[in-house]
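User: Please take a close look at a single part of this protein. I would like to know how that part is packed and what surrounds it.

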Amino acid sequence: MDRKICFLHCLDRGLTQVVIDPSFPFVSVPKNYTKEKQLSLNFSKRFKLPRFDITDWGIVAELSFSGKGHVVRIPWNAITEIRFNKEVYRFKEEDPPAIPSPIPDNLPEGTVVVLADFRQNKYVN
């Protein structure tokens, strides 16, 4: 089952837990969680989240960590499990997602585009 379809199916039914690999490319979570092997995040339509976007790329939501809000960004491929009640959906590891910010096709010839993953201070070619 597709991660997005599975997430939406579970979310429509209630509290849904998403298990992610916080070191996966383009994942954004609070810095003190980036070294964890896995991180479990809870989502529900009943939570009054200031931001909760579900897109073809993944999930972007403002969640609370130790009482402080943080916008998390989770590409679908970073999700290893989705849990609802006693149901557990496991997903195999996949390649990182495409770069989330699109580059226009109509750039003038000779334009150099530099993308950076600022979380790790690495440039992406």
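The part in question is the helix, and the answer works outward from there.

User: Which residues of helix 1 are buried, and what covers them? Please also say what the cysteines at positions 6 and 10 are doing.

Analyst: A caution to start: this is a predicted model. All values below are computed from it.

First, the setting. The protein chain has one helix and nine strands. The helix comes at the N-terminal end, and the order of elements is α-β-β-β-β-β-β-β-β-β. The chain holds 125 residues, and 32% of them are buried. Its exposed surface is about 8,600 Å², with 50% of that supplied by carbon and sulfur atoms. Now count the contacts with a separation of 6 or more. Residues 24 or more positions apart make up 52% of them.

Now the helix itself. Helix 1 covers residues 3-13. Its buried residues are Arg3, Cys6, Phe7, Cys10 and Leu11. Viewed down the helix axis, these fall within an arc of 125°, so they line one face. The face turned away from them carries exposed residues, Ile5 and Asp12. Note that an isoleucine is among the exposed ones.

What lies over the buried face? The cover includes strand 1, strand 2, strand 3, strand 4, strand 6 and strand 7. Strand 3 is made of residues 52-54.

Take Phe7 next. Set aside its neighbours within four places in sequence. Phenylalanine 7 then contacts Thr16, Val18, Phe43, Phe52, Ile54, Ile59, Trp76 and Ile82. Several of these belong to elements already named. Val18 sits in strand 1, residues 16-20. Phe43 is in strand 2, residues 39-43. Ile59 is in strand 4, residues 58-65. Ile82 is in strand 6, residues 79-84.

Phe7 also counts in the wider core. The largest nonpolar core has 24 residues. Phe7, Ile20, Leu41, Phe43, Ile59, Ile74 and Ile79 touch the most other members. Two or more core residues come from each of helix 1, strand 1, strand 2, strand 4, strand 5 and strand 6.

Now the cysteines. Cysteine 6 is buried, at a relative accessible area of 0%. Cysteine 10 is buried as well, with a relative accessible area of 0%. Are they bonded or unbonded? The whole structure has zero disulfides. The sulfur of cysteine 6 has its closest cysteine sulfur in cysteine 10, but the 4.3 Å between them is too far for a bond. From the other side, cysteine 10 is in no disulfide, and its nearest cysteine sulfur is that of cysteine 6.

Two of the covering strands also pair with a common partner. Strand 1 and strand 6 run antiparallel, joined by four bridges. Valine 18 has isoleucine 82 as its bridge partner there. Both of these residues are contacts of phenylalanine 7. Strand 6 also runs antiparallel to strand 7, residues 87-90, again through four bridges. Phenylalanine 84 stands opposite glutamate 87 in that pair.

Strand 6 and strand 7 form a hairpin, with two residues between them. Asparagine 85 is in the turn. Its phi is near 50°, a positive value in a residue other than glycine. Asparagine 85 is exposed, at 67% relative accessibility.

Another loop has a similar entry. Serine 66 lies between strand 4 and strand 5. Its phi is positive, about 50°, although serine 66 is not a glycine. Serine 66 is exposed, with a relative accessible area of 73%.

One last residue, in the loop just before strand 3. Arginine 51 lies between strand 2 and strand 3. Arginine 51 is partly exposed, with a relative accessible area of 34%. Leaving out residues up to four places away in sequence, arginine 51 touches Val60, Ala61, Glu62, Val71 and Arg73. Valine 72 is 21 residues from arginine 51 in sequence, and their C-alpha atoms are 9.8 Å apart.

To return to the request: the buried residues of helix 1 line one face. Strands cover that face, strand 1 and strand 6 among them. Cysteine 6 and cysteine 10 are on the list of buried residues, and the structure has zero disulfides.

Definitions and conventions. Residues are numbered from 1 along each chain as its sequence is written. This is a predicted model: local features need pLDDT of at least 70, side-chain atom pairs count only at pLDDT 80 or more; totals for chains, interfaces and linings use all residues. Side-chain values use heavy atoms; hydrogens and water are left out. Two strands pair if DSSP finds at least two bridges between them. A nonpolar core is a set of buried Ala, Val, Leu, Ile, Met, Phe, Trp, Tyr and Cys residues joined through side-chain atoms within 4.5 Å. Buried means under 20% relative accessible area, exposed over 50%, partly exposed in between (1.4 Å probe, protein chains only). Contact means heavy atoms within 4.5 Å. A disulfide is a pair of cysteine sulfur atoms within 2.5 Å. Accessible areas come from the Shrake-Rupley method with a 1.4 Å probe; for residues, only the protein chains shown count as cover. The arc is that of the directions from the helix axis to the C-beta atoms.
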